[in-house]
Amino acid sequence: MEKHYLGHRKRLKERFLSNPDSLQDYEILELLLGYVIRGKDTKPYAKELIKVSGGLNNIFSCDTGSVKGLGCETETFFKLLKEFLFRIEKGIVTGKKEILNSPESVFDFLKYKIGYENKEKFVVILLNSKGELLEYKIFNTGTVNQAVVFVREVAEFAVKGGAVSVIVAHNHPSGILKFSNSDYDLTVKIKSGLEILEIILQDHILVCKDAYLSMRQYDDRRLWR
């Protein structure tokens, strides 16, 4: 006897193929989950994920483990999907260096890497003289709290990577686009530490999932003059 959800899923796929706009958000998610969760009705999981996350646009920052019955495979699935979307959006070509020469280009590069994270992350990006990406590293904010140690780590990373200039960035899981006083203080320390090594700090970018803020562009403390 065919399980009830199999017929439902088949009809849902047929609706999607004939008219994708007719599906609700949870139904899209339901179909996606069907490819990673086998032998189960995915509708309850989809509805609960929408409820917990607040909508499809928050799925990548949602803790899937908070939904009972969803394990590491589901978490891996969404991480894979996020990386897939990142590569499609960026049109990455093997062997071609990423050029990060504007706040917008940095945001595009980091949106899927930290913009959807539900924990704060700090990124250090190394550039050559042409503004091409040499390397980047994501630090946990626990390290950032130890400012002196962190500045040394950034400097060592920049020197070893042969950077001419550096861009730093961090995310705000809250979505609030505003630099804190500690953000400014840390930026000053990093900028001063790199200047001793004749490495330029280009900017500090605040990244959220759908917006960004450049400290250099909105410099109200004259840090870049």
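Asn58 sits in the loop that runs between α3 (43-53) and α4 (72-90), with helices (H or I, at least four residues) and strands (E, at least two) taken as DSSP runs numbered from the N terminus. The model is a predicted one, so local features need pLDDT of at least 70 and side-chain atom pairs count only at pLDDT 80 or more, while totals for chains, interfaces and linings use all residues. Residues are numbered from 1 along each chain as its sequence is written, and side-chain values use heavy atoms, with hydrogens and water left out.

Asn58 counts as buried because its relative accessibility is 14%; buried means under 20% relative accessible area, exposed over 50% and partly exposed in between (1.4 Å probe, protein chains only). Not counting residues up to four places away in sequence, Asn58 touches Ser53 and Lys209, where contact means heavy atoms within 4.5 Å.

Next comes α5. Its end C-alpha atoms span only 14 Å, whereas a straight helix of 13 residues would span 18 Å at 1.5 Å a residue (the expected span being 1.5 Å times one less than the number of residues). There is also a bend of about 45 degrees at Phe109 in α5, given as the angle between axes fitted to the seven residues ending there and the seven starting there. Eleven of the 13 residues of α5 are buried, so the helix is largely enclosed by the rest of the structure. Phe109 itself is among them, as are Phe107, Leu110 and Tyr112.

Just past this helix, Glu117 is found in the loop between α5 (103-115) and β1 (121-127). Glu117 counts as partly exposed because its relative accessibility is 24%. Leaving aside neighbours within four places in sequence, Glu117 is in contact with Ser61, Lys82, Asn171 and Pro173.

Glu117 also turns up at the largest pocket, which holds about 370 Å³ of space. Of the 18 residues lining this pocket, Phe60, Cys62, Glu75, Lys79 and Glu117 are the closest to its centre. A pocket here is an open set of points on a 1 Å grid over the protein atoms alone, where a 1.4 Å probe fits, with protein on both sides within 12 Å along at least five of seven lines; lining residues have an atom within 4 Å of a point. The lining divides into seven nonpolar, five polar and six charged residues.

As for the whole chain, there are eight helices and five strands, and buried residues make up 43% of its 225 residues.

How values were computed: Grid points are joined across faces, edges and corners, and a volume is the space filled by probe spheres set on the points. Ala, Val, Leu, Ile, Met, Phe, Trp, Tyr, Cys and Pro count as nonpolar, Asp, Glu, Lys and Arg as charged, and the others, Gly among them, as polar.
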